[in-house]
Amino acid sequence: MRIKLTKEAVAQLQKATRPVRISGELVGGCGMTIEYALWLDEATPQDQVIQVEEMTLLLDPETIAYIGSETLTIDYRPQQGFRLVTPEQIVAYGLSLKERWG
């Protein structure tokens with residue numbers, strides 16, 4: 001997977017003290033939706049580790065499958081937070097960077 005960062009996203013993610021995990025988790029009952037999050041985390045053996053703009057981004061195999069695209073852009077807008085965008089769709093918006101267990 002290729003990840004692109006907008007300059008606004010770089011400005012926000014540079015504050016990260018650890019790698020940033022892009023996470024997609026299947027949630028819900030009959031409706032089954034994917035909930036996305038950005039966490040400060042550490043790499044696991046299953047992760048794809050991607051270096052972009054001197055930052056380390058982590059993706060697990062399930063999240064890559066949920067995103068369903070070869071290219072993902074991470075954008076940041078002050079009024080909306082982070083957005084995850086593929087060429088086909090806006091995957092998620094309104095995300096903030098947070099501690100995984102916090």
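Visitor: Thr86 first: buried or exposed?
Guide: This is a predicted model, in which local features need pLDDT of at least 70, side-chain atom pairs count only at pLDDT 80 or more, and totals for chains, interfaces and linings use all residues. Residue numbers start from 1 along each chain as its sequence is written, and side-chain values use heavy atoms, with hydrogens and water left out. Thr86 sits in the loop between strand 7 and strand 8, strands being DSSP runs of E with at least two residues, numbered from the N terminus. Its relative accessibility is 5%, and buried means under 20%, exposed over 50% and partly exposed in between (1.4 Å probe, protein chains only), so Thr86 counts as buried.

Visitor: Which residues is Thr86 in contact with, leaving aside neighbours within four places in sequence?
Guide: Contact here means heavy atoms within 4.5 Å. With those sequence neighbours set aside, Thr86 is in contact with Ile67, Ser69, Thr71, Leu72 and Val91.

Visitor: Strand 7 and strand 8 flank that loop; how many bridges pair them?
Guide: Two strands pair if DSSP finds at least two bridges between them. Val85 stands opposite Ile90 in strand 8. Strand 7 (residues 81-85) and strand 8 are antiparallel, and their bridges number four.

Visitor: Which strands stand at the edges of the sheet with the order 1-6-7-8?
Guide: That sheet is open, with four strands and mixed pairing. Two strands have a single partner each, so one side of each is left without a neighbour in the sheet. They are strand 1 (2-5) and strand 8 (90-95).

Visitor: And the five-strand sheet: what is its order?
Guide: It's another open sheet with mixed pairing. Strand 4 (48-52) and strand 9 (97-99) each have a single partner, so they stand at the edges. Reading across gives 4-5-2-3-9.

Visitor: Which strand is largely enclosed by the rest of the structure?
Guide: Five bridges join it to strand 4 in the antiparallel sense, and three join it to strand 2, running parallel. Ile22 stands opposite its Leu59, and Val49 has Leu58 as bridge partner. Four of its five residues (55-59) are buried, so the enclosed one is strand 5.

Visitor: How many residues are in the largest nonpolar core?
Guide: Such a core is a set of buried Ala, Val, Leu, Ile, Met, Phe, Trp, Tyr and Cys residues joined through side-chain atoms within 4.5 Å. Ile3, Leu5, Ile22, Ile74, Phe82 and Leu84 have the most contacts inside it. Beyond four places in sequence, Ile74 touches residues including Ile3, Ile22 and Phe82. The core's residue count is 25.
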